[in-house]
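Reader: Hi! I'd love a close look at the empty spaces in this model and at what surrounds them. Could you walk me through that part in one go?

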Amino acid sequence: MTYRAPINDILLSLNHGAGLAAAVEAGHYGDFDGDITAAVLEEAGKFASDVLAPLNRVGDEHGIKLDNGKVTTAPGWPDAYQRWTAAGWNAVSGPEAFGGQGLPLAVNAACTEIWSASNVAFGLCPLLTLSAIEALDAHGSAELKKTYLEKLVTGEWTGTMQLTEPNAGSDVGALRTRAERAPDGTYRIKGTKIFITYGEHDMTDNIVHFVLARLPDAPSGTKGISLFLVPKFLVNADGSLGERNDIHASGVEHKLGMHASPTCTMTMGDKGGAIGYLIGEENQGMRCMFTMMNQARLGVGLEGVGIADRAYQQALAYAQERRQGKAIGHKGDGMDPIIVHPDVKRMLMQMRSMTAAARTICYATAVALDVSVRAKDAKVRAEAAARGALLTPIAKAFSTDIGNEVAYLGVQIHGGMGFIEETGAAQHYRDARITSIYEGTNGIQSIDLVTRKLGANGGASVWALLDELAAVIKQVETSNDPAFGTTGAKLRDAHTALERTSKWLLERLASAPNEALAGATLYLRLFAATLGGCMLAGEALAAKANGEAEPQRYVALARFFAENIAVQAPSLEKTVTESAEAVTGADAVLAG
């Protein structure tokens with residue numbers, strides 16, 4: 001089936017659940033006209049449906065080919081990319097000084113969901129280019145920006161992130177790629193990187209690699225890592241492409257999913273070393289790279305949302321068409337579509353409500369990141385930066401977990417046909433699996449949330465967010481709308497559980513850190529279930545207040561999430577606070 005962007009759901013989530021409309025009204029977005037958001041997203045939806053979605057299956061079946069260091073993408077890929085850049089989609093949130101449109105990151109986040117839903121393997125390429133743009137714009141020299149930034153912003157060239165090595169995965173500090181200073185102020189890079197997304201392809205004339213490497217006199221660990229810009233082709237003084245740099249794809253991976261996205265082994269130094277240009281300062285590469293990684297983590301979270309929405313749309317269409325069994329009380333001839341059966345309804349509601357919650361969490365992260373750089377008031381910017389930092393690991397981990405869970409349910413609703421490749425449900429399941437692994441595994445996101453973000457500024461960001469959620473819960477409770485059912489009570493219980501668990505973890509971090517870490521993943525889930533439930537309730541209230549078409553469907557969605565997902569929060573609290581020893585004391589079981 002094809003894909004149709006759920007524009008109304010996206011706009012409600014973006015403007016009200018994530019707070020874009022309020023931030024615009026508060027003046028944090030300068031002269032940005034929020035009314036153009038709908039027009040941008042409508043056009044994005046058309047491009048996704050007409051150009052990208054038809055290539056999703058093509059890319060999965062054909063994959064990519066490596067021949068003599070050159071990667072050929074699937075049929076239609078290069079043409080689609082040229083159409084993409086010509087339409088300006090790569091430049092949506094890019095800086096205007098370098099050819100970008102200067103639109104909010106939040107608007108581009110909604111576009112990223114749409115690209116990911118229509119063709120996630122295609123959307124991966126510009127996602128990483130956006131991260132490269134952020135790093136270069138924030139840390140690059142004026143000369144490097146002049147040479148490379150406009151090409152990246154417009155999409156004429158693409159960017160990559162090169163961190164991982166065979167011996168250095170999550171532990172980036174163990175990397176062995178070497179950088180040597182050259183007399184002309186450049187560097188020579190030698191080493192091998194693995195799992196490099198779009199490290200080589202045929203869609204653009206040049207690829208700009210951002211590579212982590214270590215100088216000979218650098219300190220050990222992450223404190224001794226530098227970031228370098230390493231182009232596939234060197235650039236002449238007049239901007240034309242020069243000779244090929246000493247970097248090439250020496251292999252490609254054969255993967256469970258994302259078949260159309262080339263995942264390359266990149267080798268540097270076969271001919272003396274790839275020429276690289278320092279980004280930022282020597283031995284400060286991790287700080288520069290985190291500019292890329294945080295942007296990419298939000299993007300990967302949006303991939304989870306996109307895959308989930310695509311899987312939901314397909315499962316819904318199948319459930320409306322597939323006839324099997326009869327509804328209770330049906331006495332006529334023939335069978336009913338499976339959507340009449342309560343358990344299928346339950347699965348579909350679970351898919352849609354979890355997708356909606358993950359969507360708003362990601363959008364709220366984007367709005368916070370926007371405000372952190374756009375607001376005029378320094379205090380507002382600082383608070384927004386802290387909010388964005390707090391939400392980033394939740395957006396990445398929860399949304400990609402949801403992408404996997406929703407894709408799983410999509411296969412289940414298809415029954416045996418879901419296990420057959422021809423329906424397409426299996427592709428979503430396969431494609432989703434990597435999202436909870438790359439750009440920092442979800443376990444690492446949970447550790448980041450507990451060890452860094454929870455206690456930042458004495459927990460001020462968490463308590464401020466909890467206050468906002470409490471206000472939403474109160475509005476639900478005082479609305480007296482019977483359609484909400486027990487939403488208010490369930491969210492109140494979840495909120496209380498989150499508050500108590502947060503305090504417990506802060507205490508244990510100081511006295512028994514392993515106990516805190518044992519519950520980190522479950523704490524992130526507890527946080528997301530509470531946050532997502534309150535956000536959906538807030539959207540439902542806004543839909544009613546603003547006269548949205550069929551507002552009760554948003555109320556029903558919020559109620560389902562509160563009574564089926566957020567309701568798990570008190571149990572998660574007990575597991576985190578009472579069962580740490582079941583993890584910390586498991587060595588005897590795991591030893592054999």
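Author: Happy to: what follows goes through a pocket, a helix pair and the cavities, and ends with a few single residues.

A word on the ground rules. This is a predicted model, in which local features need pLDDT of at least 70 and side-chain atom pairs count only at pLDDT 80 or more, while totals for chains, interfaces and linings use all residues. Numbering starts from 1 along each chain as its sequence is written, and side-chain values use heavy atoms, with hydrogens and water left out.

Let's begin with the second largest pocket, which holds about 940 Å³ of space. A pocket here is an open set of points on a 1 Å grid over the protein atoms alone, with protein on both sides within 12 Å along at least five of seven lines; a cavity is a set of points where a 1.4 Å probe fits but cannot get out, and lining residues have an atom within 4 Å of a point. Points are joined across faces, edges and corners, and a volume is the space filled by probe spheres set on the points.

The lining of this pocket has 36 residues, and A18, G19, R387, L465 and E468 are the closest to its centre. Two or more lining residues come from each of α1 (7-17), α2 (20-25), α8 (342-374), α9, α12 (460-479) and α15 (520-545). These labels follow DSSP runs numbered from the N terminus, with helices (H or I) of at least four residues and strands (E) of at least two. The biggest share belongs to α12, which gives eight residues. By class, the pocket lining has 23 nonpolar, nine polar and four charged residues. In this scheme Ala, Val, Leu, Ile, Met, Phe, Trp, Tyr, Cys and Pro are nonpolar, Asp, Glu, Lys and Arg are charged, and the others, Gly among them, are polar.

One of the helices of that lining, α9, also leads to a helix pair. Two packed helices are described by the angle between their axes and the distance between the axes. For α7 (residues 285-321) and α9 (residues 378-414), the axes come within 8 Å and cross at roughly 20°. That makes α7 roughly parallel to α9. Axes are lines fitted to C-alpha atoms, for helices over the stretch in contact, and angles run from 0 to 180 degrees between N-to-C directions; under 35 degrees is roughly parallel, over 145 roughly antiparallel, 65 to 115 roughly perpendicular, and the rest oblique. The α7 and α9 crossing is left-handed, meaning that the near helix is turned anticlockwise from the far one by less than a right angle, with clockwise being right-handed. Their contact is built from 14 nonpolar, 10 polar and two charged residues.

Now for the enclosed spaces. The whole structure contains four cavities of 30 Å³ or more. The largest cavity has a volume of about 190 Å³. Its lining counts 19 residues, with N108, T112, P126, L127 and L130 nearest the centre. Here α7 turns up again, since it and α5 (105-139) each supply at least two lining residues. The top contributor is α5, with 12 residues. The lining of the largest cavity has 11 nonpolar residues, eight polar ones and no charged ones.

The second largest cavity has a volume of about 50 Å³. Among the residues that line it are N56, I307, R310, H428 and D431. At least two lining residues come from each of α5, α7 and α10 (425-433), and α5 gives the most, with five. By class, the lining of the second largest cavity divides into three nonpolar, five polar and two charged residues.

Finally, some single residues. L103 sits in the loop between α4 (77-86) and α5. L103 is buried, with a relative accessible area of 11%; buried means under 20%, exposed over 50%, and partly exposed in between, using a 1.4 Å probe and protein chains only. L103 and L144 are 41 residues apart along the chain, with 23 Å between their C-alpha atoms.

Most residues other than glycine have a negative phi. N68, in the loop between β1 (65-67) and β2 (70-72), has a positive phi of about 55° although it is not a glycine. N68 is exposed, at 73% relative accessibility. Y198 also has a positive phi of about 55° without being a glycine. Y198 lies in the loop between β5 (187-197) and β6 (207-214), and counts as buried at 1% relative accessibility.
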